[in-house]
Amino acid sequence: MAGEQGRNLTAKILAVILAIILWLYVMNEQNPPIEATFTVPLEVRNVAGGLVVEDAPDTVRIKVRGPRSIIAGVMTKDLKSYIDLRGLGEGQHNVRVAAAIPSSLNLVEVSPDKVTVRLDTSISRQVPVEVRLTGTAAAGVVVGKVTARPEQITIEGPKSAVNAVERVVAIVDLSGRQADFTVDVPLKLFSQNGKEVQGLTVYSDKVTVTATLVKGPSKKTVDVKPIIYGELASGVQLTRITTEPAKVEITGDSREIEKIDFIYTEPVNLAGINRETTREAKLQLKEGIVASQGAVTVHIIVGTRQ
C-alpha cells in the first residue's frame with residue numbers, strides 16, 4: 001500500500017514538472033522574450049545652487065528585454081534616465097547615465113552610458129536694446145524717430161553665455177510702411193562676432209517699438225557747434241576747439257529741418273584742462289529730429305597764456 005502511494009506521489013510530481021515545462025515551452029513559443037529600444041528624456045538631478053548645466057543631451061536610448069506581451073505595453077513614461085550631479089562644482093565633468101525600469105524588464109544597455117556636461121555659474125546682467133531697421137518704407141517716407149520700451153532688458157543664464165552677449169537687437173521691417181506705427185518685436189541676442197546666442201532667459205523676450213515716419217524731402221547736412229563751460233587750468237588759454245565730424249546729416253519733418261542750420265553739442269567741461277584734450281559729447285536734438293550719429297568728438301587745443 002505504501003509503495004503504491006509513493007509511486008502515485010512520484011507520478012504527481014512528474015506531472016507537475018511536465019506541466020511547468022510545457023507551460024514554459026508554450027509561453028516561449030507564444031510570448032517569447034524580445035528586445036526593444038526607447039528614446040527617453042534625460043533628467044538632471046541634484047545640481048548645486050547657483051549652477052546651471054550646459055551641453056547635457058536632451059535624451060538617451062534605453063534598450064530593455066522582456067516578454068513580448070510586456071514590451072508591447074511599455075510606454076516611454078515607464079522608463080527613466082538621469083544623471084546625478086551631487087557634489088560637483090563648476091567645470092567639465094564626465095558622468096554616468098543611470099536608468100530606472102519596471103521590475104518585469106531587464107536592462108540591456110543605456111546609450112550613451114556616460115555623458116560630458118559643463119557646470120557654469122548662473123549670472124544675470126542688463127543690456128541695452130538696439131533697434132535694427134530692415135526693408136524700405138513707402139516712397140517719399142523716411143523714419144523720423146524710433147524708440148524701444150523697455151530700453152534695457154535683463155538676461156540670465158550660464159556666465160560664459162551671458163558674458164558673450166554683445167548686443168540685444170529688435171529687428172523691425174519697414175517694408176511698405178507709410179504711417180507711424182507701434183509693434184511688439186521679439187529680441188535676438190548676438191555675440192561680438194555676430195553669432196546668435198541662444199539658451200538664455202530674457203526678461204522680457206519682447207519689446208514695444210514705436211516708429212515715427214515723416215514725409216520727405218527731410219534730410220539736411222548742418223554744422224556742429226560745441227558748447228563749453230568751466231575754467232581751464234591756470235596759465236593756459238583756449239586756442240581752438242573743433243568737432244569730428246564738423247557736420248552731420250539730420251533727418252526729420254521737412255518743416256522742422258528747414259529751420260535748423262546747426263546742431264549744438266551738450267556742454268563740455270573745460271575745468272582743469274592744461275593740454276590738448278578730446279571729449280565725446282552727445283548732440284542736442286529736437287524732438288522728432290534724428291542725426292546720422294548721436295555724438296561727436298570735441299578737440300580742445302590750448303596754449304600758454306601770454
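Me: Why is the pair E287 and K145 called a salt bridge?

Reply: This is a predicted model, by the way. In it, the closest N and O atoms of E287 and K145 are 2.6 Å apart. The cut-off is a side-chain nitrogen of Lys or Arg within 4 Å of a carboxyl oxygen of Asp or Glu. K145 and E287 come in at 2.6 Å, so the pair passes the 4 Å test. The general idea is that side chains of opposite charge can pair when their charged atoms come close.

Me: What makes R65 and E35 a salt bridge, and how do you know that the pair links distant parts of the chain?

Reply: The N to O distance for R65 and E35 is 3.8 Å, and the limit is 4 Å, so this pair counts too. As for distant parts, R65 sits in strand β3 (residues 59–67) and E35 in strand β1 (residues 33–45), with the two positions 30 residues apart in numbering. By this rule, the count comes to twelve salt bridges.

Me: How do you know that domain 2 and domain 3 are in contact?

Reply: Contact here needs heavy atoms within 4.5 Å. Six residues of domain 2 meet that test with nine residues of domain 3. Domain 2 covers 122–215 and domain 3 covers 218–304. Their C-alpha centres lie 29 Å apart.

Me: What makes up the area buried between domain 2 and domain 3, and which three residues of domain 2 supply the most?

Reply: The two domains bury about 480 Å² between them, and 55% of that is on carbon and sulfur atoms. On the domain 2 side, G144, K145 and V214 supply 63% of the buried area, more than any other three residues.

Me: How many salt bridges and polar contact pairs are counted between these two domains?

Reply: One salt bridge is counted between domain 2 and domain 3. There is also one residue pair in polar contact. On domain 2's touching side, β9 (141–149) and β14 (206–215) each supply at least two residues. β9 gives the most, with four residues. Sorted by type, that side has three nonpolar, one polar and two charged residues.

Me: Why is the protein chain called more spread out than a compact globule?

Reply: Start with what it is built from: four helices and 23 strands. The globule rule gives 19 Å for 306 residues, but the radius of gyration is 37 Å, well over that, so the chain is more spread out than a compact globule. Along its principal axes, the C-alpha trace spans about 145 × 50 × 25 Å.

How values were computed
Residues numbered from 1 in each chain as written. Predicted model: local features only at pLDDT ≥ 70, side-chain atom pairs only at ≥ 80, totals over all residues. Heavy atoms only, no water. Domains from an automatic or database assignment. Buried area = accessible area lost by both parts, 1.4 Å probe. Polar contact = N/O pair within 3.5 Å; in protein donor to acceptor, adjacent residues only side chain to side chain. Nonpolar A, V, L, I, M, F, W, Y, C, P; charged D, E, K, R; others polar. Rg over C-alpha atoms; globule rule 2.2 N^0.38 Å.
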